Amino acid sequence: MSVLSWCHWLQNTPWATGIRQSDLWFPFIEGSHILALSLSVGLIVMFDLRLLRLVLPAESAAKIMRQVMPWALPGFGIMFLTGGLLFFSQAEKAYASGFFRVKMLLLVLLGVNALVYQLKFYPSMTEWESSETVPRGVQVIAVVSLAFWMVVIACGRLMAYEL
Amino acid sequence: MSLQHLWQMSYDSHAIDILRNSKYAIPVIQSFHLFGITLLLGSMVLLNLRLSGIGLRQLPMATLSRQIWPWAIGGLLLAIASGFLVFVPDPARYAANYAFRTKMAALCVAVAFQFLIYRKVVRSGAAESGSRRNIVVACCSLVLWFLVGWAGRAIAFLG
Amino acid sequence: MKHFLLGLVIMAPFGFGHHSFAMFELTKDVTYEGTVVEYRWENPHTHIIVKVEPGAADPATVGTWDVEGGSTNIMGRQGWTRATFKAGDHVKVVAHPMKDGSKGASLFYAVMPDGKRLYHDIARPKTEGASASAQ
């Protein structure tokens, strides 16, 4: 069975069809996906801006991370849940869409980006977080994060344009 | 000059025609609208979590609001500018859409609330505590801004 | 072009707030008459796949077309239901074709067997001639 035909089967299961044909659920799930951007990407953006010392430069970046991340994680949980349901209900169209594929690739790369930060720079955070100059690696990670999230959002919008 | 005349000016305009007929222009502009919304609503989430005392308690309210407020305004301006560019090529359609009208009304209330009441509360000394008044103000702010967001989504679905 | 758009203004137009109608030739009303291959009642858009046989009145419409409507909410308020059409039904729709020549179109209205029009959205021409078609 090819991926495409599996997607066709998936979106035609009763629950997926129910979501797709629902006056209430589809708009609610899609609306939640978009508005939960504020609870996820919106918070990450603020943290990236802090890494670049563009916001809250006098506050400890580690403290901001500790205070903000507990709220961002459920936010991303909502994004993955609603995103998964949207894919479930439109699997075939999503899979065939170039914009969707780019979006998924970028999400993976964003995960890698976060992992690199976690492994390489987080352990030594107290050393560089109060200094005026930000380590080059941290700057790159923050800029990549901001840029890639913008493209992810744009791909999501352009994907809907195709459907 | 009636509204219909005003809208017709857009349909007659050659410059706006270019925007209207471009295949990708509107979706790209809508992406910028989403960037603005993400900045604005993300800022509102952070400020209101702190104001209500539910989260971010280790960050001082005064510093948080002073630093984040400009980004909230930036997001709002980006959303308004991009929204205007989506509206202008097809004003009659949007003006007749009930969800759009609701969104505009909610936007006015949210902006008024933010600039008149919210700013006063945040700048007062009492903003540090998670008092009941602060919780109510924080809830109102979030409800109003998310209402604008939901009304925006309803434009395509409810009409 | 200006006539048509003035017609839209009179028609209390509807909420295409999703992506963009730039990909459709909104000034052209083309009639597609044939058989329903598939009727997809779903979000974000309802689709009617119409097969027009060779020998049709308008040769340019011969082929299989994806006619895109609105959300189930918006179409539902115009009287559309999930059972309005099924595969094999005869159908006559008026739609705006894609600019790039591919076989897709944006639904304007369908003409039912009793002559009644089922519109895509709340647009109701106050005068039938308000939207001037190009053909």
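**Exercise 1. Find the residues at the centre of the largest nonpolar core.**

Of the 77 residues in the largest nonpolar core, the ones that touch the most other members are A:Leu43, B:Leu40 and B:Leu46. A core here is a set of buried Ala, Val, Leu, Ile, Met, Phe, Trp, Tyr and Cys residues joined through C-beta atoms within 7 Å. Buried means that 20 or more other C-beta atoms lie within 10 Å of a residue's own; 12 or fewer makes it exposed, anything in between partly exposed, and the C-beta atoms are placed from the backbone.

Next, which helix gives the most to this core? That's helix α3 (residues 25-51) of chain B, with 15 residues. Helices (H or I, at least four residues) and strands (E, at least two) are DSSP runs, numbered from the N terminus.

Now zoom in on B:Leu40: leaving aside residues up to four places away in sequence, B:Leu40 touches B:Ala72, B:Gly75, B:Leu76 and B:Ala79. Touching, or being in contact, means that the C-beta atoms, placed from the backbone, lie within 7 Å.

Last step: apart from the largest core lies another one, of 19 residues, including C:Val67, C:Phe85, C:Val91 and C:Tyr109. As background, nonpolar side chains tend to be buried together in soluble globular proteins.

A quick word on ground rules. The model is predicted, so local features need pLDDT of at least 70 and side-chain atom pairs count only at pLDDT 80 or more, while totals for chains, interfaces and linings use all residues. Residues are numbered from 1 along each chain as its sequence is written, and chains are lettered from A and ligands numbered from 1 in the order in which they are written.

**Exercise 2. Describe the side of chain A that touches chain B.**

Start with the count: 26 residues of chain A are in contact with 26 residues of chain B. Then sort by element: those giving two or more residues to chain A's side are α3 (25-35), α4 (41-51), α5 (61-89) and α9 of chain A. Which of them gives the most? It's α9(A), with six residues.

Finish with the classes: 19 nonpolar, four polar and three charged residues on the side of chain A that touches chain B. Ala, Val, Leu, Ile, Met, Phe, Trp, Tyr, Cys and Pro count as nonpolar, Asp, Glu, Lys and Arg as charged, and the others, Gly among them, as polar.

**Exercise 3. Work out the packing of two helix pairs, one in chain A and one in chain B.**

Two packed helices are described by the angle between their axes and the distance between the axes. Axes are lines fitted to C-alpha atoms, for helices over the stretch in contact, and angles run from 0 to 180 degrees between N-to-C directions.

Take chain A: helix α7 (residues 98-121) and helix α9 (residues 136-162) pack at about 160 degrees, with their axes 9 Å apart. That angle makes α7(A) roughly antiparallel to α9(A). The cut-offs are under 35 degrees for roughly parallel, over 145 for roughly antiparallel, 65 to 115 for roughly perpendicular, and oblique for the rest. The crossing of α7(A) and α9(A) is left-handed, and the residues of their contact are 20 nonpolar, four polar and three charged. Left-handed means that the near helix is turned anticlockwise from the far one by less than a right angle; clockwise gives right-handed.

Over to chain B: helix α6 (residues 98-123) and helix α7 (residues 132-157) pack at an angle of about 160 degrees, axes 9 Å apart. So α6(B) and α7(B) are roughly antiparallel to each other. Their crossing is left-handed, and the contact has 19 nonpolar, five polar and one charged residues.

**Exercise 4. Track down the backbone oddities.**

Most residues other than glycine have a negative phi, and most peptide bonds are trans.

First, A:Arg53 has a positive phi of about 60 degrees. A:Arg53 sits in the loop between α4 and α5 of chain A. Is A:Arg53 buried or partly exposed? Partly exposed, with 17 other C-beta atoms within 10 Å.

Second, B:Leu56 has a positive phi near 55 degrees, in the loop between α3 and α4 (61-87) of chain B. B:Leu56 counts as buried, with 24 C-beta neighbours inside 10 Å.

Third, the peptide bond from C:Asn43 to C:Pro44 is cis, with omega near 0 degrees. C:Pro44 lies in the loop between β1 (30-40) and β2 (47-52) of chain C.

How values were computed:
Contact = placed C-beta atoms within 7 Å.
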